Amino acid sequence: MTTVTLTREDHIGIITINNPPINATSHPVRAGIVDALDQVDHDPAIRIAILICGGKTFIAGADVTEFGQPPKDPILPDVIKRLEAATKPVIAAIHGHALGGGLEVALGCHYRIADKSAKLGLPEVNLGLIPGAGGSVRLPRLVPVTEAINIITSGKPVSSTKANEIGLIDAICHGALLDAAKDFAQTILDRDMPVALVDRPPVDVPDSSAWDDIVATARKNARGQIAPLAAIDVLRTGLEKGAKDGLAYERQTFIELRDSDQSKALRHIFFAERSVGKLPELSGVDPAPITDIGVIGGGIMGAGIATASLLAGFKVTIIERNEDACANGRNTVEKHLSGSLKRGLITQDRFDQLMAALSTSTDYAALASADLVVEAVFEDMAVKHDVFGKLSLHCKPDAVLASNTSYLDINEIAVKCVNPGRVIGLHFFSPAHIMKLLEIVRTKQADAKSLATAFAFGRSLGKIAVPCGVCDGFIGNRIMSAYRKHCEYMLEDGALPHQIDAAMVEFGFPMGLFAMQDMAGLEISWATRKRLAPFRDPAERYVALGDYLCEMGRFGKKNGLGWYRYDEHGKAQPDPEVDALVIAESEKKGITRRDFSHDEIIDTILAAMRNEGDKILSEGIANSPDAIDVVMVNGYGFPRHKGGPMFLTRSDK
C-alpha cells in the first residue's frame with residue numbers, strides 16, 4: 001500500500017495518507033505530501049486539493065520513533081511551508097484526531113473542515129516538548145492568542161465544536177467527510193487564494209499587563225515542568241518579533257527541549273504506559289466476551305467501579321447487604337454521572353441510558369448472567385471468603401471473579417473458590433471512575449483466559465492496566481508503605497508534617513504524603529497497621545504517631561482534623577497540636593531532633609522508593625522497572641516529568 005496517493009475527481013485533487021495506525025508524519029508521509037503537492041501544482045486540470053487520511057484518524061502526531069535519529073529531508077517544518085506555498089488551495093479534511101504535527105499540517109493548509117466528532121490539539125507538552133513545526137507561530141494567527149496559549153500549554157485537544165467557535169476550522173462536517181470536503185471545495189473555488197497564516201497578523205493579542213497573569217497561571221499548573229513556560233516564551237516571541245523570528249526560535253527551543261531530561265522522562269513514561277500491559281504469555285489468548293458486570297458493595301469504591309463500568313457501556317448490578325445500602329450505592333453512582341452530565345461529558349439521554357443499565361439487589365442470584373464480578377467490600381478475609389463462596393454458588397462457572405483488595409492475599413481468597421483459576425485481583429484507585437491506574441493481580445492459579453479478560457476489561461474502562469503479583473500492597477501500596485515509613489522516621493528525627501509535604505510539592509507531587517493520608521482517611525492505614533501488628537518484627541523501628549491521631553479521633557479531612565487542621569472551606573493549616581505531639585514523641589524516645597532540607601527529604605523518599613522497587617523486581621511482583629514507574633506516576637502523583645522513581649534513579653537514563 002502506497003503511503004500517500006493522489007487521485008483526481010474532475011478538478012479536485014485528493015491527497016490521501018495511509019500510514020496506520022495514526023498516520024504519523026513519518027518520512028514516507030512527509031515526502032509523499034511534497035510529491036503530491038508538486039503534482040497538484042503542475043496538473044492544469046486540478047484547481048483545488050483535499051488532504052485527507054485513511055483509517056480511523058487524521059494525522060495524530062509525529063513518528064516518535066524517529067526522535068534521536070538524524071533528520072531526513074523533507075523535515076516537517078519544510079513540508080508545512082510547502083503546503084503554504086502551494087499555488088492551488090488545499091483543504092484539510094479532518095476526522096478522528098489532528099494532533100501535534102497533524103494539526104500543524106492542517107494549519108499549513110488553506111482551509112480546514114472537521115468531522116463533528118474530531119479532536120484537534122497540540123499535545124507536545126505531554127512529552128516535554130513544544131510544537132516544532134510552526135504551531136506556536138501559526139495558531140495565534142488563526143485563533144485568539146489566549147485560546148492558542150491554552151491549547152498549547154494544556155496539551156488537551158479541543159472538540160470540533162470548540163474549534164469552529166474559535167476559528168480553528170472553517171466548517172463542521174455532519175455527513176461523509178470526503179463528500180463534505182468536495183462540497184466545501186465548490187463553495188471556495190472562485191475565491192482569492194487565502195493569505196498564509198505566517199503572513200497574517202495575530203488575533204486578539206493580550207495587553208502587556210495580562211502577560212504576567214498568563215505566565216503565573218502556567219507556572220502554577222506546570223508544577224515544575226518547563227515545556228509549558230517555554231511554549232509561552234516562544235509564542236510571545238513570534239508575536240513581538242514576527243513570524244520568521246518566531247519560527248526560528250520555536251525550532252531552536254524544540255530541539256533543546258527534545259534533548260532535555262524532562263522530555264526523556266516524559267517519553268519514557270509515554271512508552272511505558274503503552275507497553276507495560278502487553279504480556280507475551282497472553283499473545284493469541286482471546287478474552288471472554290463481557291456485557292454484564294457485577295459489583296459487590298456500593299460504597300465509595302464499589303460505586304466508582306460501577307460508574308466506570310457503566311460509562312464503558314456495560315450493564316451493572318450492585319449487590320449490597322440491605323435495601324438502604326442498595327439505595328445509597330445507586331445514589332452515589334447517580335451523583336457521579338450527574339457530575340459528568342454537568343461537565344458536558346455525557347448528554348441527558350446518555351445519562352438516562354446509563355442509569356437504566358444499573359440495577360441493585362441484595363440477592364447474589366441477580367449475578368447469574370454476570371461475565372465479570374468485582375468484589376469491593378470491607379478489608380477482612382472472613383468477609384471476602386463469605387462473598388466468594390456466594391459468588392461460587394450463583395455465578396456462571398466461567399465468570400471472572402475479581403477482588404479489589406488493597407492488601408489481602410488474593411491467593412488465599414482464590415483457594416476458597418470453585419474454579420480458582422478465574423480469580424484475579426483488580427485493584428482500582430479511588431475515585432475509581434476517574435483514576436486511570438488499574439493493578440491487575442495475578443494469583444498462583446489464575447488462568448490465561450481470565451487474565452486476558454481482565455486486561456480487556458481494563459482497556460475498555462480506559463485504564464492503564466499494570467500486571468503484578470501477590471504481596472502485601474502489590475506494587476503501589478507496598479512502595480508507598482516503604483516511603484511513608486521513612487517519612488515517619490524523619491518526623492521523629494526532626495521534620496514536621498508540613499515540611500515534608502512542602503518538599504514533596506516543590507519536587508512536583510500534587511500534594512504531600514500527610515495531606516494525601518488526610519484526604520484518604522487515616523483510619524484506613526490504621527486498620528492495616530493493626531492487622532499486621534501481630535506479625536511485626538519487635539526489633540523494627542515503629543512510629544506510632546498515626547495511631548495516636550486516630551485514637552484522638554483525628555481521621556483526616558472528613559472530620560476536619562488529621563495531620564492538619566481544616567477550616568470550614570476544607571483548607572489545610574499546620575496544627576500546633578500535631579507538631580507538639582511529634583516533638584513530644586521524639587523526646588519520649590530520646591531522639592535529638594535536627595533540621596532536614598528539602599533535598600534531604602526528597603533524597604530519602606526516592607531512596608526508599610528505589611530500594612523497595614528493587615525488592616519488588618527481585619521477587620517477581622513487577623515485571624519490569626517500567627511497571628513500577630507507571631504505577632507511581634498514575635496512582636501516587638509521582639511527577640510525570642521526572643519519569644518515575646526507577647527511571648529517575650537509574651544511572652543510565
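Three bridges join strand 14 to strand 15 (residues 423-428), and the two strands run parallel. Two strands are said to pair if DSSP finds at least two bridges between them. Helices (H or I, at least four residues) and strands (E, at least two) are DSSP runs, numbered from the N terminus. The structure is a predicted model, in which local features need pLDDT of at least 70 and side-chain atom pairs count only at pLDDT 80 or more, while totals for chains, interfaces and linings use all residues. Residues are numbered from 1 along each chain as its sequence is written, and side-chain values use heavy atoms, with hydrogens and water left out.

**Strand 14 and its neighbours**

In strand 15, Val423 is the bridge partner of Leu401. The chain passes from strand 14 to strand 15 through helix 16 (residues 410-415), and this β-α-β crossover is right-handed. The term right-handed applies if, with the strands pointing away from the viewer, the path from the first strand over the helix to the second runs clockwise.

Strand 14 is also joined by four bridges to strand 13 (residues 372-375), and these two run parallel. Here Leu372 stands opposite Val400 of strand 14. Strand 13, helix 15 (residues 381-394) and strand 14 form a right-handed β-α-β unit.

In a regular strand the side chains alternate between the two faces of the sheet. In strand 14 (residues 400-403) both faces are covered: Val400 and Ala402 on one side, and Leu401 and Ser403 on the other, are all buried. Buried means under 20% relative accessible area, exposed over 50%, and partly exposed in between (1.4 Å probe, protein chains only).

**Helix 17**

Helix 17 (residues 448-460) has 13 residues and reaches 18 Å from its first C-alpha to its last, close to the 18 Å expected at 1.5 Å a residue. The expected span is 1.5 Å times one less than the number of residues. Among the buried residues of helix 17 are Leu451, Phe455 and Phe457. Helix 17 is followed by Gly462, whose phi is positive, near 80°.

**Backbone features in loops**

Most residues other than glycine have a negative phi, and most peptide bonds are trans. The table lists four places that depart from this pattern.

| Place | Feature | Value |
|---|---|---|
| Pro20 to Pro21 | cis peptide bond | omega near 5° |
| Asp73 to Pro74 | cis peptide bond | omega near 0° |
| Asn23 | positive phi | about 55° |
| Arg223 | positive phi | about 50° |

Pro21 lies in the loop between strand 2 (12-17) and helix 1 (27-42), and Asn23 is found in the loop between strand 2 and helix 1. Asn23 counts as buried because its relative accessibility is 2%. Arg223, in the loop between helix 8 (208-222) and helix 9 (227-241), is partly exposed, with a relative accessible area of 42%.

**Empty space**

On a 1 Å grid over the protein atoms alone, a cavity is a set of points where a 1.4 Å probe fits but cannot get out; a pocket is an open set with protein on both sides within 12 Å along at least five of seven lines, and lining residues have an atom within 4 Å of a point. Grid points are joined across faces, edges and corners, and a volume is the space filled by probe spheres set on the points.

A search of the whole structure finds one cavity of 30 Å³ or more. The largest cavity has a volume of about 50 Å³, and its lining includes Glu84, His110 and Arg200. The second largest pocket has a volume of about 170 Å³. Helix 10 supplies five residues, the largest share of the lining of this pocket.
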